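Please open the structure in your viewer and keep the selection tool at hand. The stops below follow one another along paired strands.

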Amino acid sequence: MFYKNIFYFRLIKAIGGTEQFLYEIAKKYNNWDITILCDDIDPAQRARLLKFVRVIVRVPNQEYECDRAFFNFNLDAIDFIKAKKYFFISHANYEELGYKPPIDNDKLTNYIGVSQFSANKLKEWGDILNKNIEVTPVYNPLTLEPKKKVIRIISAARLDDKVKGGERTKKLIAALDKYAKENNRNYIWTIYSNINTNIGIKSPNVVIMPPRLDIRPYIADSTYLAQLSNDMETYCYSINEALSYGVPIISTPLSILKELPITDNEKIILDWDCSNVDEVAKAIFEKEVKAFKYKAPADTWYKYLAKGESTYKADLNKVVNLVCISRYTDIMVNKNFKEGDILHNVPTFRAKELVGAKVAKIISE
């Protein structure tokens, strides 16, 4: 069989720039006769290429005939391809790769760099290898799909605690995965939970992260906050934090919600038994949430605290210098110290703790 254009790349992996180049060629020029030839290919890459162009896994020693053959990095198949023109495409700076480009093959007739920088570098290699070549800069194709919003959900919950909604979380994830696949949508659910959380969540759209105290910037940058607890929440900081940042919530019908100044615009409710989970999944992707301002209920703790100036603040302003007498990791500054290290300007309250722990001693105040 005669092919017009063959693009050869030995191993087409799950991810990579050359892999993306081949896909972009396939998308933009699929009305032309394009064939992707390789020795091995990732199944997902093969599936998406086949929507546009022919993909052939090379049979050893089998010959192929074409008008133009384009080689990406590897020339392994060049002796088995009969072509009118043989192109080598430079996708990299070979100085950084640590090996020379395979351009000393006499069958090559044309040379392409995917940028002017790439072309210049390949020309330099030609000079080094005593091969006078002309390299043409040809930028990679790039065609963008219509922009679709990625739904970003966040949770901060001890999911290994049975009252915190781990099973509901799994059911909602399954419904979201199904909807996303059927409707070509995307979402990412980041769950900050116990480090040992293992409740059987398996989804390419979910990330389990260790807990962190500086969670609020991540809440504020999310599309939704999900809190799927049993009806044991009696204030729920994460819900109030999210709403205060203008981030709507995905919640169970918590009783506390009745006390908060929110409307249907600011919430999506998953029933206790998850009977409406498919409707909730659809709403998460499709609901148009209007911008809102929320103010958490005002506290009145000033009525109950005994008045009196802080004596602790004065201790915070007093500092001393310490010398480390034993190797240790300081969790307050996230740093390792060894014997002999000087710790400057340590607040006195912390100095007392370190001296008491026998890892440091005071050298000056």
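**Stop one: the pairing around β16**

Begin by selecting Val-323, whose bridge partner in β20 is Lys-361; strands here, like helices, are DSSP runs numbered from the N terminus (strands E, at least two residues; helices H or I, at least four). What you have open is a predicted model, in which local features need pLDDT of at least 70 and side-chain atom pairs count only at pLDDT 80 or more, while totals for chains, interfaces and linings use all residues. Residues are numbered from 1 along each chain as its sequence is written, and side-chain values use heavy atoms, with hydrogens and water left out.

Extend the selection to strand β16, residues 319–324, which pairs with β20 in the antiparallel sense over four bridges; two strands count as paired if DSSP finds at least two bridges between them. Asn-321 has its bridge partner, Ser-364, in β20. Turning to β19, you will find that β16 pairs with this strand over four bridges, again in the antiparallel sense, and that Leu-322 stands opposite Leu-343 of β19. Colouring β16 by accessibility would show a mostly covered strand, with five of its six residues buried, where buried means under 20% relative accessible area, exposed over 50%, and partly exposed in between (1.4 Å probe, protein chains only).

**Stop two: the whole sheet and its helix**

Now show the three strands together, an open sheet in the order β19-β16-β20 with antiparallel pairing. β19 (342–347) and β20 (360–364) are at the edges and have a single partner strand each, so one side of each is left without a neighbour in the sheet. From one strand to the next, the twist averages 45°.

Add helix α10, residues 348–356, which packs on the sheet and touches β16, β19 and β20, its direction making about 130° with that of β19. Contact means heavy atoms within 4.5 Å, and the axes are lines fitted to C-alpha atoms, for helices over the stretch in contact, with angles from 0 to 180 degrees between N-to-C directions.

**Stop three: the parallel strands around β10**

Move next to β10 (residues 151–156) and β11 (residues 187–192), which run parallel and are joined by six bridges. Ser-155 has Ile-191 as its bridge partner in β11. To finish, select β13 (residues 224–227), which runs parallel to β10 and is joined to that strand by two bridges; Ile-153 has Tyr-224 of β13 as its bridge partner.
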